Amino acid sequence: MSALGRRNVLTGLLVASPIVAFPFSRSYTIFCVLIIVVGVLDRGARSQWRQHPGVLFAGGATGLPILLTILALWVQQGAVEILWVEKFTLIAAATLLGLAAAGLLVETEARRVVALAITLTLALWVTDGLLQLFIGYDMFGVPVSSELGPARVKGFFSKATRYGYFVAFLVIPPALWLLSKPKSKWLAHLLVACGAMVVFAAGSRYAMVGYGFFVMIYIIVVALSLKPKLRLAVLLGAPVLLLSLSSLMFVFNDSFQSRVLQTSAVLQKFDRETVNHALSLRLDVWEPAMEMIANRWVVGYGPSEFENQVGDYLDADSPFAGDTRIMHAHQVVIEILLGTGFIGLAAFIAYYVWLTRYLWLRREQAACFGWGCLLAYLLLWLPFGSQKDFYGSEQVLVSFYLLGLGFGFTGYSDEPEVIDKHLDE
């Protein structure tokens with residue numbers, strides 16, 4: 001192997017390393033830092049940054065509203081919270097991560113190493129989840145409970161819902177990449193189906209909905225390349241297969257069954273108490289949050305301030321009154337309004353629209369790794385759900401990492417017969 005070939009392999013492994021290391025607690029952040037350092041020091045990577053304005057737009061849409069809020073609250077209160085500065089710094093670091101990842105993916109060989117490494121890693125996660133779910137065996141020796149359902153699908157993670165959550169979104173790029181390979185399409189279908197089992201068993205409802213959106217898009221992408229009669233069969237048969245899989249999981253998985261029954265309770269009796277129970281007491285969180293927003297709707301309270309200030313808006317009989325803490329508002333739009341007001345929400349919507357248009361213009365590349373990364377980013381921040389504080393650490397880093405991969409892959413074509421007509425736009 002030539003020196004250039006070795007360099008491309010090492011670069012690919014470096015860019016893929018956060019996903020490979022992700023299950024091992026926060027050690028993955030070390031590799032994120034390494035990507036930033038290499039991307040900043042490498043002249044070739046830096047020269048590519050101007051080719052990926054989407055990452056900068058994302059950084060601006062997330063970071064600049066924080067800066068405006070900091071300045072506005074500084075004028076009003078005469079002080080700046082260290083937490084706000086930390087969140088702004090985090091967005092800056094995450095933006096650098098995205099730019100560095102995209103800038104290092106100029107060579108075809110490096111991109112192929114990234115796609116292969118992440119695909120194998122996600123396949124390993126899913127396999128481990130299936131083994132734990134069906135036979136209670138953990139490939140990595142992590143002790144598992146004798147309980148059914150999510151308790152068996154912990155894998156590397158400390159919480160089963162966290163496992164299902166990340167499988168739901170990170171399986172998207174590998175599945176679309178495998179779909180683009182003529183001899184690997186059946187592996188793509190298998191990864192999607194097995195990923196669904198893990199998500200249904202261990203995922204939150206947010207993960208299930210996100211994965212459901214992905215499956216819909218995946219089916220459409222598959223159908224577009226088929227002949228009319230076969231296309232119709234796929235479009236009609238796929239929902240039946242998905243419903244069958246869901247029914248099977250419902251019968252044999254107590255946790256999935258309880259989630260479905262809890263959610264469907266609103267169909268029998270639609271009142272506040274029933275809706276609140278179906279939403280896991282979310283109304284008790286959203287109602288005081290809306291009161292807070294009404295009092296400071298232009299610039300917000302500063303990122304991640306909800307936990308510190310919601311106590312003043314809670315009724316005495318609220319289940320969250322007293323020492324119980326609410327970490328965040330559990331809804332993306334509400335969290336953005338609380339943190340950075342309508343300025344932040346306007347920036348968020350503007351970038352979402354821009355990125356959706358970007359993907360639409362590159363719909364010929366739908367069965368590619370980068371398109372899948374950008375799709376995973378869009379689904380990660382579904383406007384009606386949230387697993388982490390929007391301005392938190394883990395999810396922000398993962399988001400910008402996906403953006404970097406997405407823009408790094410969609411800017412090029414690894415297949416000679418595929419020509420991106422929109423590169424010069």
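Trainee: How many disulfides does the count come to?

Mentor: In this predicted model, the count comes to zero disulfides. A pair of cysteine sulfur atoms must lie within 2.5 Å to qualify.

Trainee: What makes Cys32 fail that test?

Mentor: The closest cysteine sulfur to that of Cys32 belongs to Cys373 and is 14 Å away, so the two are too far apart for a bond.

Trainee: Why is Cys373 not bonded to its closest cysteine, Cys368?

Mentor: Their sulfur atoms are 8.2 Å apart, and the limit is 2.5 Å; the pair is therefore too far apart for a bond.

Trainee: Why are Cys32 and Cys373 each called buried or exposed?

Mentor: Buried requires under 20% relative accessible area. Cys32 has 4%, so Cys32 counts as buried. Cys373 has 1%, and therefore Cys373 is buried too.

Trainee: Why is Leu67 called partly exposed?

Mentor: Its relative accessibility is 31%, which falls between the 20% and 50% cut-offs, so Leu67 counts as partly exposed. Leu67 lies in helix α4 and belongs to a nonpolar surface patch, whose members also include Trp74, Trp297 and Phe342. Together the patch residues have about 960 Å² of accessible area.

Trainee: Which elements give two or more residues to the nonpolar patch?

Mentor: They are α4 (53-77) and α16 (332-361). Helix α4 gives the most, with five residues.

Trainee: How do you know that the span of α14 is close to the expected one?

Mentor: Helix α14 (residues 283-295) has 13 residues and reaches 19 Å from its first C-alpha to its last, against an expected 18 Å. Its buried residues, among them Trp286 and Met292, pack against α13 (272-278), α15 (306-309) and α16.

Technical notes:
Residues numbered from 1 in each chain as written. Predicted model: local features only at pLDDT ≥ 70, side-chain atom pairs only at ≥ 80, totals over all residues. Heavy atoms only, no water. Patch = residues over 30% accessible without salt bridge, like charges linked within 9 Å, V, L, I, M, F, W, Y side chains within 5 Å. Areas by Shrake-Rupley, 256 points an atom, 1.4 Å probe, with all protein chains shown as cover. Salt bridge = Lys/Arg side-chain N within 4 Å of Asp/Glu carboxyl O. Helix = DSSP H or I, 4+ residues; strand = E, 2+ residues; numbered from the N terminus. Buried < 20%, exposed > 50% of the residue type's maximum accessible area, 1.4 Å probe, protein only. Expected span 1.5 Å × (residues − 1). Contact = heavy atoms within 4.5 Å.
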